[in-house]
Amino acid sequence: MATDKVLVGVIGGSGLYNLDNLTFIKHVNPETPWGFPSSPIAISSLPSGALVAFVARHGVGHTISPSTIPARANIAALKSLGVSTILAFSAVGSLREEIAPGDFILPSQLIDRTKGVRPTSFFDDTGVVAHAGFGDPYSKGLGRWLEGAVKEALENEGRGTKLWTEKTLVVMEGPQFSTRAESLMYRMWGGDLIGMTALPEAKLAREAEISFALIATATDYDAWRPHEAGVTAAEVGAILKQNADTSRHVAAHVIERLLGAAQADSTSTLLTEEKGCMQFALMAPPLSVKNAALAYVLPEYFSAP
Ligand SMILES: CSC[C@H]1O[C@H](OP(=O)(O)O)[C@H](O)[C@@H]1O
Ligand SMILES: Nc1ncnc2[nH]cnc12
């Protein structure tokens, strides 16, 4: 099933700086109205010939901190290539005893503990006000479908990696890890996982009408456990390689099946679930507004001056 369109994008987090299990074709580096993406985007092909676009969230040499990731450029650059669905990978700490380092999770909810220092909207400084729906931060149909596909990929890899679903991810500013008091408070709030990068990425994907799912990979137990030292970067680093190898396997397996499923059923909305979601989020008639930045990321509604 070959197509020359890049319908699926992957964002790699800590430890996942390439998809070198796929056949590399070329790098592209689109300059967006929000600057360049975190890394040049690697276009690779799956065994079927279908194309995948990959961006390394922290740069390929992990030089970009969570607070300064150019998330708007990453999402806009992927959209400019034709991407309609993004699978994002993220290393997270566990706030629950049962979720162990090495486990994979498809979170369904987010709690925002970033500090307002990250630009979170494509509409900033455009004169257009938009309120995207975000009650379900991850695309629900895609998430339901991924549950089976990721489970199958993990079983097929044969490492015994567990998959959890319906979990709540707390997104903190960083770069320092949490105090014990904060970690305990997040547990009381209902948090199951903690990370530093899931926002604003998911909000921006929604504004860009891109289907979006997060595949979180647990690296540590954060600081809430009594009688255990708090988390360190060394502890996280020790498990990143194993998680990244499994993530590469999961990405290849899942994307091949996702594209196959979408192509086999012409009524499938797996790749297009969020299309049209911004239509009623805009507080002014969009076609009356000419804006180059919005025309770049939402050409469905805006045109350039
Ligand atoms: C190296 S641990 C902290 C670092 O790892 C996570 O990154 P990502 O979500 O991109 O995998 C976490 O959010 C921090 O940025
Ligand atoms: N314990 C933790 N806190 C925040 N982000 C993380 N990423 C991986 N482990 C983390």
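This report describes a predicted model, its annotated binding site and the strands and helix around that site.

## Confidence of the model

The structure is a predicted model. The mean pLDDT of the protein is 95, and 99% of its residues reach 70 or more. The model scores are ipTM 0.99 and pTM 0.97.

## The annotated binding site

An unreviewed UniProt entry carries the annotation "binding site" for Ser 14, Arg 57, His 58, Ser 90, Ala 91 and Thr 197. These residues span 184 residues in sequence, yet no two of their C-alpha atoms are more than 12.0 Å apart, so they gather at one spot.

Two of the annotated residues, Arg 57 and Ser 90, are considered in turn below.

## Arg 57

Arg 57 is located in the loop that connects strand S4 (51-56) with helix H1 (71-80). Arg 57 counts as buried because 25 C-beta neighbours lie inside 10 Å, where the threshold is 20 or more.

Residues up to four places away in sequence being left out, Arg 57 touches Ile 11, Gly 12, Gly 13, Ser 38, Ile 69 and Thr 197. Of these contacts, Thr 197 is itself covered by the "binding site" annotation.

## Ser 90 and strand S5

Ser 90 belongs to strand S5, which comprises residues 85-94. Ser 90 has 26 C-beta neighbours inside 10 Å and therefore counts as buried. Beyond its neighbours within four places in sequence, Ser 90 is in contact with Gly 13, Gly 195, Thr 197, Ala 198, Leu 214 and Ala 216.

The strand as a whole is mostly covered, with 10 of its 10 residues buried.

## Pairing partners of S5

Strand S1 (residues 8-12) runs parallel to S5 and is joined to it by four bridges. Within this pairing, Gly 9 has Ile 86 of S5 as its bridge partner. Strand S9 (residues 211-220) also runs parallel to S5, with nine bridges between them. Here Phe 89 stands opposite Ile 215 in S9.

Strand S8 (residues 193-195) pairs with S5 in the antiparallel sense, over two bridges. The bridge partner of Ser 94 in S8 is Leu 193.

## Helix H4

Helix H4 covers residues 198-207, and 10 of its 10 residues are buried, so the helix is largely enclosed by the rest of the structure. Among the buried residues of H4 are Ala 198, Pro 200, Lys 203 and Arg 206. Ala 198 is also one of the contacts of Ser 90.

Just after H4, Glu 209 adopts a positive phi of about 60 degrees.

Terms used: Residues are numbered from 1 along each chain as its sequence is written. Chains are lettered from A and ligands numbered from 1 in the order in which they are written. This is a predicted model: local features need pLDDT of at least 70, side-chain atom pairs count only at pLDDT 80 or more; totals for chains, interfaces and linings use all residues. UniProt positions are given in the numbering used here, feature names are shortened, and annotations may be inferred rather than shown by experiment. A residue is buried if 20 or more other C-beta atoms lie within 10 Å of its own, exposed if 12 or fewer, and partly exposed in between; C-beta atoms are placed from the backbone. Two residues are in contact if their C-beta atoms, placed from the backbone, lie within 7 Å. pLDDT is the predictor's confidence in each residue, from 0 to 100. Two strands pair if DSSP finds at least two bridges between them.
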